[in-house]
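Q: Could you walk me through one part of this model up close? I'd like to start with a strand, see what it pairs with, and then follow the contacts outward.

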Amino acid sequence: MIDDGSSLTVEMEVEDSPAAAIAPREPPKIQRLEESVINRIAAGEVIQRPVSAVKELVENSLDADSSSISVVVMDGGLKLIQVSDDGHGIRREDLPILCERHTTSKLTKYEDLFSLSSMGFRGEALASMTYVAHVTVTSITKGQIHGYRVSYRDGVMEHEPKACAAVKGTQIMVENLFYNMIARRKTLQNSADDYGKIVDLLSRMAIHHNNVSFSCRKHGAVKADVHSVVSPSRLDSIRSVYGVSVAKNLMKVEVSSCDPSGCTFDMEGFISNSNYVAKKTILVLFINDRLVECSALKRAIEIVYAATLPKASKPFVYMSINLPREHVDINIHPTKKEVSLLNQEIIIEMIQSEVELKLRSANDTRTFQEQKVEYIQSTLTSSRSDPPVSPLLSGQKTQKVPVNKMVRTDSSDPAGRLHAFLQPKSHNLPDKVSSLSVVRSSVRQRRNPKETADLSSVQELIAGVDSCCHPGLLETVRNCTYVGMADDVFALVQYNTHLYLANVVNLSKELMYQQTLRRFAHFNAIQLSDPAPLSELILLALKEEDLDLGNENNDDLKERIAEMNTDLLKEKTEMLDEYFSINIDSNGNLSRLPVILDQYTPDMDRVPEFLLCLGNDVEWEDEKTCFQGVSAAIGNFYAMHPPLLPNPSGDGIQFYTKRKNIDQDLLSDAENAWAQREWSIQHVLFPSMRLFLKPPAAMASNGTFVKVASLEKLYKIFERC
């Protein structure tokens with residue numbers, strides 16, 4: 001009985017067990033997913049966050065041979081990403097399949113991957129965006145009179161392409177990114193973090209693709225957070241994007257290998273020196289012009305810096321590595337941010353060794369920057385009409401400036417000037433042209449002599465200049481910013497929210513005249529290497545004025561006039577030398593000219609005209625009239641007239657090309673002369689004008705200043721559009 005009971009008890013426990021109550025599970029059935037589900041899953045892998053979409057679109061723009069790429073972002077890219085370029089555009093017949101998966105113009109067969117030079121190749125990016133966002137494409141190709149706009153959803157067009165006005169290239173708008181992926185969208189609510197990643201991406205792109213201009217700004221913002229222009233120098237691009245403090249502390253590094261066994265590559269770049277200080281490592285790495293990441297290379301470089309420099313300095317590194325395309329596998333990552341290299345360990349080791357060698361050889365000295373305070377006594381006095389300016393009290397907020405009155409020019413930033421947006425062209429300027437810093441220092445330090453002339457006539461002339469000064473133009477001249485040359489005579493200048501055309505010939509002529517009066521009898525001198533005979537120079541000027549050069553009687557008359565003027569100037573040589581530093585020796589040769597502005601030499605081709613003007617146009621009998629006439633002649637001679645040779649960068653190039661054999665020496669001389677003049681206008685004339693020029697009231701009405709645009713009026717025009 002005991003055994004039976006025990007047995008019964010065991011059987012009951014087995015029956016009550018939960019495991020025994022569960023039936024064996026059937027294997028799950030494998031199903032084929034719907035196409036929309038497949039595409040949405042794939043899209044989430046390719047477009048991981050807004051910066052992924054920007055990277056794909058910018059790379060497409062680069063593949064389209066664009067020279068300018070603009071990016072506008074709203075809410076970190078979740079609400080809007082707009083990428084515009086000036087590339088070759090998209091053909092009308094390609095628009096229906098543009099956003100289908102695996103449609104591309106980059107390759108046709110798998111083997112093309114190993115010779116690919118484009119950024120994209122899978123044909124997945126645009127398709128992926130249409131599954132997680134609303135995409136609109138506007139494009140125009142060369143030769144079309146209008147473009148086409150079409151919207152896409154889930155890889156297909158929502159409507160037929162519509163004809164529309166368009167500018168050259170393509171514009172793609174991605175709106176409401178991840179609108180159908182709630183979980184993904186919630187994890188990306190920090191718009192500042194995502195926008196920072198986009199700015200960082202475009203900054204890296206800009207310093208490598210320095211033949212393309214990039215801009216990136218928030219939607220509605222006035223100022224771009226990334227603004228780069230085409231630059232011939234990689235270092236200039238780094239300076240433009242990352243700032244002077246980074247660029248001045250970089251060293252160039254190069255590595256090359258042509259090992260027949262297979263390790264073939266070229267690397268060039270810049271690495272920071274011991275003066276660079278940062279909290280984190282910045283590695284900008286391009287492999288075959290593709291922006292990628294390489295944790296192994298980054299770690300190897302950090303080890304070198306930690307072992308070589310004190311306090312484990314974090315470096316800034318830019319590297320561009322070029323390898324045979326068959327040695328790079330670019331198809332290992334969904335977003336293509338990583339690649340696989342043949343002989344990667346050897347390449348990293350060689351680069352690491354070169355970086356270490358460069359650091360050790362450059363670590364003998366360290367430079368410490370010392371801040372200098374320069375005290376400059378202003379030559380300007382505040383106008384009585386100006387209201388008194390009081391400092392803000394502690395905690396007081398500054399008044400917000402309306403956007404239509406916001407001054408958008410920084411006079412200390414040369415990137416804001418017109419020439420920064422033009423294709424740079426190298427010129428072989430004369431060795432006598434000093435560096436920009438020397439010129440600016442000289443302009444600042446050089447003041448008018450404290451000892452003015454005792455002659456009452458000169459004092460009256462200077463007082464006349466001061467009394468005729470136009471206060472409005474004076475304020476404009478003192479605070480204007482040079483933008484660039486509009487043509488051979490007019491320069492563009494900005495004052496507050498106004499843009500003016502300024503006649504540089506008139507301005508420079510008046511400045512030279514006033515400076516001649518203020519430096520009266522206190523001139524430095526330009527010594528001519530070969531004294532020039534007055535009679536020959538004056539005769540040359542007379543012949544240039546008269547087109548009838550074949551008349552012998554006229555030639556005799558010119559010779560007599562030249563002789564009379566030579567004798568006159570020889571009589572006045574003592575006065576000209578003492579007061580104006582114009583020296584004429586006993587043989588009638590011109591040997592010395594005055595310095596009117598430091599670091600500026602007049603166009604010596606105009607010396608004959610200057611001497612003829614002194615002889616014919618100066619009234620020598622009256623002292624005041626005489627000094628005024630000589631000063632006016634000097635002002636006209638030293639004014640920054642266009643060079644006599646036609647400008648080869650404009651229509652004047654026809655003067656040089658219409659001949660069968662182009663005179664390269666003449667063309668080179670013309671290029672140098674025009675480049676020298678523009679350099680002098682920007683770096684000598686305008687800084688000197690701000691310090692010394694007192695513009696006469698006549699300049700307000702004689703066309704010297706012409707207002708061409710006003711920001712407030714432009715806003716009114718755009719508001720009506």
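A: Let's fix the pairing term before anything else: two strands pair if DSSP finds at least two bridges between them. Helices (H or I, at least four residues) and strands (E, at least two) are DSSP runs, numbered from the N terminus. The model is a predicted one, so to speak of local features takes pLDDT of at least 70 and side-chain atom pairs count only at pLDDT 80 or more, while totals for chains, interfaces and linings use all residues. Residues are numbered from 1 along each chain as its sequence is written, and side-chain values use heavy atoms, with hydrogens and water left out.

The strand to look at is β12, residues 282-287. On one flank, β12 pairs with β13 (residues 290-292) in the antiparallel sense, over three bridges. I287 has R290 of β13 as its bridge partner. The two strands make a hairpin with two residues between them, and N288 in that turn has a positive phi of about 55°. β12 also pairs with β14, this time in the parallel sense and over six bridges. There, V284 sits opposite Y318 of β14.

How many of the residues in β12 are buried? Six of its six are, where buried means under 20% relative accessible area and exposed over 50%, with partly exposed in between (1.4 Å probe, protein chains only). I282, V284 and F286 point one way from the strand, L283, L285 and I287 point the other way, and all are buried.

From β14 we can step over to helix α11. β14 (316-322) is among the elements covering the buried residues of α11, along with β10 (250-258), β11 (264-272) and α10 (295-308). Those buried residues are I347, I348, I351, V355 and L359. Looking down the axis of α11, they fall within an arc of 95°, so they line one face of the helix; the arc is that of the directions from the helix axis to the C-beta atoms. On the other side, E345, E349 and L357 are exposed. As for length, the 18 residues of α11 (residues 344-361) should span 26 Å at 1.5 Å a residue, and the end C-alpha atoms are indeed 26 Å apart. The expected span here is 1.5 Å times one less than the number of residues.

For a second helix to set beside that one, try α13 (residues 456-467): it has 12 residues and reaches 16 Å from its first C-alpha to its last, close to the 16 Å expected. Its buried residues are S457, V458, L461, I462 and V465. Seen down the axis, they fall within an arc of 135°, so they too line one face of their helix. They pack against α15 (504-518) and α20 (623-638), with contact meaning heavy atoms within 4.5 Å.

Now zoom out to the whole chain. The chain has 23 helices and 23 strands, and buried residues make up 43% of its 721 residues. Among contacts between residues at least 6 apart in sequence, 71% join residues at least 24 apart. The accessible surface comes to about 40,400 Å², with 51% of that belonging to carbon and sulfur atoms; such areas come from the Shrake-Rupley method with a 1.4 Å probe, and for residues, only the protein chains shown count as cover.
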